[in-house]
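Student: Before we accept any label for a residue or a helix, could we set each value against the rule behind the label? I would like to see the reasoning laid out step by step.

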Amino acid sequence: AFQTERIDLFSPSTEAIRRRFLGPPAVRPAPDAEAVGELLWALAQDDPTVRQAGVEGLLEAGETALPAVRDRRAGAEGALAGALEEVERGIVAASLREGRREVLGTVARAYLGRDPGPLDAWQAGEPRAPEILEAIVADAGEAVDARRLASRALVDLRSPESYEASRRLLDGPDPVARALAASALVEGRFPVRSATFVALLGEADPVVRGLAALHLPAVDEGTGARLHALLDDEDDRVALHAARRLVEVGGDRAGPAVGRLRQGLAQGDPLARRMCLRSLVGAGDPAVVADVIPRLADADPLVRRDAAVVLGRMCLNQADGPAGPALAARLAVEPRQDARVQILLAMTATGYRGGQEQTQPILFDRAANIMVRVAAFYYASRNDFFDKRILFQLPQLIAPGEDWVIRHITLVVIGLEQGANPLVLNLLLGALADPD
């Protein structure tokens with residue numbers, strides 16, 4: 001997942017996708033007739049603040065208020081007629097967006113599971129699939145995370161109709177839709193002219209500038225200078241996107257970009273900290289390790305997990321470096337299981353051998369998370385920690401009451417160790433009669 005998931009600051013996180021598109025829909029209590037009447041009264045007032053409050057209240061009421069709004073429109077004039085029209089149009093648009101929830105749920109399931117099956121099945125049964133997704137991307141009132149998902153799905157349909165729909169969005173009037181379509185096409189390995197992204201850099205919306213910065217082509221000779229200028233962008237997200245892209249492109253301007261990413265590790269947004277961590281892996285600057293180690297104690301568990309992965313990659317076979325002791329110390333107090341797994345794998349990658357005290361109890365703890373135990377096995381086997389004392393405790397790990405995965409891994413470990421300790425072959429005799 002670390003290798004394939006490309007984080008950017010204008011895409012919803014995995015957790016946000018699951019919550020927004022796969023969780024239960026929000027249930028709002030229906031307003032009673034008296035409340036709707038009071039909101040309609042507010043629309044008829046001369047005070048624009050009161051009138052706007054009425055508009056917002058009726059939009060919040062949704063389809064429940066629609067019959068009363070339509071009745072009131074009959075014979076309405078002036079500002080009241082305009083406000084009622086705005087309300088009706090907004091309620092209908094919101095209802096349409098709610099109807100798209102199932103489509104976006106299908107798209108979300110496909111991307112979260114990294115399985116195109118749900119998307120393919122929906123496309124096969126829905127001849128209007130490109131048209132529906134195009135409408136979501138083009139809808140300026142739709143949330144950006146929904147539009148981003150739809151733009152990716154539109155490209156991934158891989159049909160002539162979906163490609164033409166993406167191109168129409170690319171040529172359309174809405175800069176956000178153009179940026180979403182352009183970035184999705186590039187991510188889908190379709191060509192987009194460099195001039196398209198250069199033009200988007202001049203837009204006021206930071207979403208547009210940020211996506212354009214992230215997808216500027218490396219082969220364009222002006223890309224380095226444009227990205228360098230964005231390092232001081234007024235929007236931190238745009239600046240960090242520019243820094244990330246500069247590191248990816250490389251060259252003489254990567255130094256200031258690394259400095260900006262190191263600053264980003266202290267950003268308030270956990271997603272920004274995660275993106276900076278991942279981007280610094282490719283920077284090749286050993287001094288960055290000192291900035292990454294404190295992220296092992298970050299308040300956000302996903303930042304802690306990513307920090308462990310980054311240290312494992314940056315400090316490969318650096319057994320005497322600072323990363324190993326920091327990882328072992330964090331393992332002793334880390335409560336989140338996926339972070340513990342990555343800490344163990346990172347300790348293994350560094351070659352640090354000082355973590356035996358923390359890892360050995362995990363091997364025999366049946367209450368521990370299974371993946372954490374598997375990672376502890378990996379650490380112990382790579383560091384030759386299966387001495388005779390531990391080896392002859394292994395029968396308890398192949399006993400019938402032990403987890404199936406642990407039993408199999410233990411048998412593999414015994415097989416690998418038999419060259420150095422032939423006596424361990426006797427441990428296999430009992431397993432030959434196992435009912436499994």
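Student: What does Arg-178 touch, leaving out residues up to four places away in sequence?

Tutor: In this predicted model, Arg-178 touches Leu-169, Leu-170, Gly-172, Pro-173, Leu-200 and Glu-203, once residues up to four places away in sequence are set aside. Arg-178 itself is found in helix 11, which covers residues 175–187.

Student: Why is Arg-178 called buried?

Tutor: The relative accessible area of Arg-178 is 17%, and the label buried applies under 20%, so Arg-178 counts as buried.

Student: How do you know that Ile-7 is buried, and where in the chain is it found?

Tutor: Ile-7 is found in the segment before helix 1; its relative accessibility is 6%, and because the label is given under 20%, Ile-7 counts as buried. Apart from residues up to four places away in sequence, Ile-7 touches Arg-244, Leu-271, Arg-274, Met-275 and Arg-278.

Student: What makes Arg-189 exposed?

Tutor: Arg-189 has a relative accessible area of 73%, and exposed is used over 50%, so the label exposed follows for Arg-189. The place of Arg-189 is in the loop between helix 11 and helix 12 (194–200).

Student: What is noted about the phi of Arg-189 and of Arg-158?

Tutor: Arg-189 has a positive phi of about 70 degrees although it is not a glycine, and Arg-158, in the loop between helix 9 (144–156) and helix 10 (160–170), has a positive phi near 55 degrees. The background is that most residues other than glycine have a negative phi.

Student: What makes helix 13 mostly covered, and what covers it?

Tutor: Helix 13 spans residues 206–214, and nine of its nine residues are buried, including Pro-206, Arg-209, Gly-210 and Leu-214. What covers these buried residues includes helix 9, helix 11, helix 12, helix 14 (223–230) and helix 15 (236–249).

Student: How do you know that Asp-205 makes a polar contact at the start of helix 13?

Tutor: A side-chain oxygen of Asp-205 reaches to within 2.8 Å of the backbone nitrogen of Val-207; because the distance cut-off for a pair of N or O atoms is 3.5 Å, the pair of Asp-205 and Val-207 satisfies the distance part of the rule.

Student: What caps the N-terminal end of helix 19?

Tutor: Asp-300 does, with a side-chain oxygen that lies 2.9 Å from the backbone nitrogen of Leu-302.

Student: How do you know that the span of helix 19 is close to the expected value?

Tutor: Helix 19, residues 301–314, has 14 residues and reaches 20 Å from its first C-alpha to its last, while 20 Å is expected at 1.5 Å a residue.

Student: Why is helix 19 called mostly covered?

Tutor: Twelve of its 14 residues are buried, and because buried means under 20% relative accessible area, the phrase rests on a count of residues that pass that cut-off. Among the buried residues are Arg-304, Arg-305, Asp-306, Leu-311 and Gly-312, and the buried residues of the helix pack against helix 1 (14–22), helix 17 (270–281), helix 18 (289–292), helix 20 (323–331) and helix 21 (337–350).

Student: What does Leu-311 touch, and which core is it part of?

Tutor: Setting aside residues up to four places away in sequence, Leu-311 touches Val-289, Val-292, Ile-293, Leu-296, Ala-323, Leu-327 and Thr-350. Leu-311 belongs to the largest nonpolar core, which has 104 residues, and is listed with Leu-119, Leu-133, Leu-327 and Met-347 among those with the most contacts inside it. Helix 11 gives the most to this core, with eight residues, and a second, separate core of 15 residues includes Val-55, Leu-66, Leu-84 and Val-87.

Student: How many helices and strands does the protein have, and why is it called more spread out than a compact globule?

Tutor: There are 26 helices and zero strands. The radius of gyration is 28 Å, whereas the globule rule gives 22 Å for 436 residues; the value is well over the rule, so the protein is more spread out than a compact globule. Its C-alpha atoms fill a box of roughly 95 × 55 × 45 Å along the principal axes, and buried residues make up 47% of the 436 residues.

Methods. Residues are numbered from 1 along each chain as its sequence is written. This is a predicted model: local features need pLDDT of at least 70, side-chain atom pairs count only at pLDDT 80 or more; totals for chains, interfaces and linings use all residues. Side-chain values use heavy atoms; hydrogens and water are left out. Helices (H or I, at least four residues) and strands (E, at least two) are DSSP runs, numbered from the N terminus. Buried means under 20% relative accessible area, exposed over 50%, partly exposed in between (1.4 Å probe, protein chains only). Contact means heavy atoms within 4.5 Å. The expected span of a helix is 1.5 Å times one less than its number of residues. A polar contact is a pair of N or O atoms within 3.5 Å; within protein, one must be able to donate a hydrogen and the other to accept it, and residues adjacent in sequence count only if both atoms are side-chain atoms. The radius of gyration is taken over C-alpha atoms; the globule rule is 2.2 Å times the number of residues to the power 0.38. A nonpolar core is a set of buried Ala, Val, Leu, Ile, Met, Phe, Trp, Tyr and Cys residues joined through side-chain atoms within 4.5 Å.
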